[in-house]
Amino acid sequence: MSKVQEFIYENNLQWQASFSAKTDKYAYGYRGSLVITPGKVMSADKQLPPKATATQAILVSSGDKIDFLACELESLDFFEPFVERYKEVLSPSGLYILFVTDLDGDGKFEYEGFTFYTFALDESSVWNELLDHADLSKGDLKKASAEEKIDIVYDEIKGSTLRMSGKSYDEIKALQNEDAGKTLFGAV
C-alpha cells in the first residue's frame, strides 16, 4: 500500500470512490471524492456525511506524495482547509488542478510552496475538462480499463502545457463570485 493510500485510509478521507488501487504504471490511483471536512460523529458506528469534499477527484501517486490531483471544489472557501488537510502528502513538484465552481476566472498560483492551477467550472465535469486539456477524446479511452484511463489521462496532462497567467492567491480570491453556482440541466 502506498503512503498516499495509507494516509487517505488511516484518516478516513475516501468518499464515494470508484477506483482506489495500484494502476498499471503508478503505485496508487484514485477516483472519487476526498473528504476535506468530515461530518459530525453521532456514535461509534454512525457519522454524518462530510461537510466539505473535493469531488470528482482523480489522483496519482508514484511514491510518498501525490504527483497529480485534479478535482472540483464547490467553493474556493474549501481551498485552505483542503491544503491544511492534505499538505502532508502534497509535493512542490506535484501537478494540482482545481476546478472551482464559484470562480469567475482562471489562474496559476503558489500557496505554501505548492503550485495550483485553477479553472472556473460551471457546467462540465472534471473528467471532461481534463480530456480537453490533455487533447484526448472519450474514444481514446473507450477500451481502456479504469486504471489504464487514469494512467493515460495523467501521462497526457503532465505532457501538456497548461498556459495561464500567474497570479497571487489574493488575486485568485478576488475572482471568487459568491453568487456563482454550477449550471444544472434537466428537471430540478
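A residue is taken as buried when its relative accessible area is under 20%. By this criterion Phe79, with a relative accessible area of 0%, is buried, and 45% of the 188 residues of the protein chain fall into the buried class. The model examined here is predicted.

The secondary structure of the protein chain amounts to five helices and nine strands. Along the sequence these elements succeed one another in the pattern α-β-β-β-β-β-β-α-β-β-β-α-α-α. The C-alpha atoms occupy a box of roughly 45 × 45 × 40 Å along the principal axes. The radius of gyration of the protein chain is 16 Å, in agreement with the value near 16 Å for a compact globule of 188 residues. Of the contacts between residues at least 6 apart in sequence, 58% join residues at least 24 apart.

Seven strands form an open sheet in the order β1-β2-β5-β6-β7-β9-β8, and the pairing within this sheet is mixed. Strands β1 and β8 stand at the edges; each has a single partner strand, so one side of each is left without a neighbour in the sheet. On average, neighbouring strands of the sheet are turned by 20 degrees against each other, direction being ignored. In general, the strands of a sheet pair through backbone hydrogen bonds, in either a parallel or an antiparallel arrangement.

Both arrangements occur in this sheet. Strands β1 and β2 are antiparallel and share five bridges, and a hairpin of six residues connects β1 to β2. Within this pairing, Trp15 has Ser33 of β2 as its bridge partner. Strand β2 (residues 28-37) is mostly covered, with eight of its 10 residues buried. Strand β2 is also joined to β5 (residues 52-61), through eight bridges in the antiparallel sense; here Tyr28 is bridged to Ser61 of β5. By contrast, strands β6 (residues 68-73) and β7 (residues 95-100) run parallel and are connected by six bridges, among them the one between Glu72 and Phe99 of β7.

Helices α1 and α4 are both in contact with strands of the sheet. Helix α1 packs on the sheet and touches β1, β2 and β5, with its direction at about 35 degrees to that of β2. Helix α4 lies across β1, β2, β5, β6 and β7 and runs at about 85 degrees to β5.

The surroundings of Leu95, a residue of strand β7, were examined individually. Leu95 counts as buried because its relative accessibility is 14%, which lies under the 20% limit. With residues up to four places away in sequence not counted, Leu95 touches Asp67, Phe68, Leu69, Tyr117, Ile157, Lys158 and Leu162. The C-alpha atoms of Leu95 and Leu34 are separated by 17 Å, the two residues being 61 apart along the chain.

Aromatic side chains form 14 pairs in the model. One of these, between Phe79 and Phe109, has a centre-to-centre distance of 5.4 Å and an angle of 70 degrees between the planes, and is edge-to-face. This pair links distant parts of the chain, since Phe79 belongs to helix α2 (residues 79-86) and Phe109, 30 residues apart from it, to strand β8 (residues 107-111). Phe109 is buried, its relative accessible area being 1%, and Phe79 is likewise buried, at 0%. Ring pairs join Phe79, Tyr96, Phe109, Tyr111, Phe116 and Tyr169 into a cluster. An aromatic ring also takes part in a contact with a charged group: the charged end of Arg31 sits over the ring of Trp127, at 3.9 Å from the ring centre.

Two residues that are not glycine show a positive phi. For Asn12 the angle is about 55 degrees; this residue lies in the loop between α1 (3-10) and β1 (14-21). With a relative accessible area of 46%, Asn12 is partly exposed. For Asp135 the angle is about 60 degrees, and the residue is located in the loop between α3 (126-133) and α4 (146-159). Asp135 counts as exposed because its relative accessibility is 71%, which is over the 50% limit.

Methods. Residues are numbered from 1 along each chain as its sequence is written. This is a predicted model: local features need pLDDT of at least 70, side-chain atom pairs count only at pLDDT 80 or more; totals for chains, interfaces and linings use all residues. Side-chain values use heavy atoms; hydrogens and water are left out. Helices (H or I, at least four residues) and strands (E, at least two) are DSSP runs, numbered from the N terminus. Buried means under 20% relative accessible area, exposed over 50%, partly exposed in between (1.4 Å probe, protein chains only). Two strands pair if DSSP finds at least two bridges between them. Rings of Phe, Tyr and Trp (its six-membered ring) pair if their centres lie within 6.5 Å; planes under 30 degrees apart count as stacked, over 60 as edge-to-face and the rest as tilted. A charge sits over a ring if NZ of Lys or CZ of Arg is within 6 Å of the ring centre and within 35 degrees of the ring normal. Axes are lines fitted to C-alpha atoms, for helices over the stretch in contact, and angles run from 0 to 180 degrees between N-to-C directions. Contact means heavy atoms within 4.5 Å. The radius of gyration is taken over C-alpha atoms; the globule rule is 2.2 Å times the number of residues to the power 0.38.
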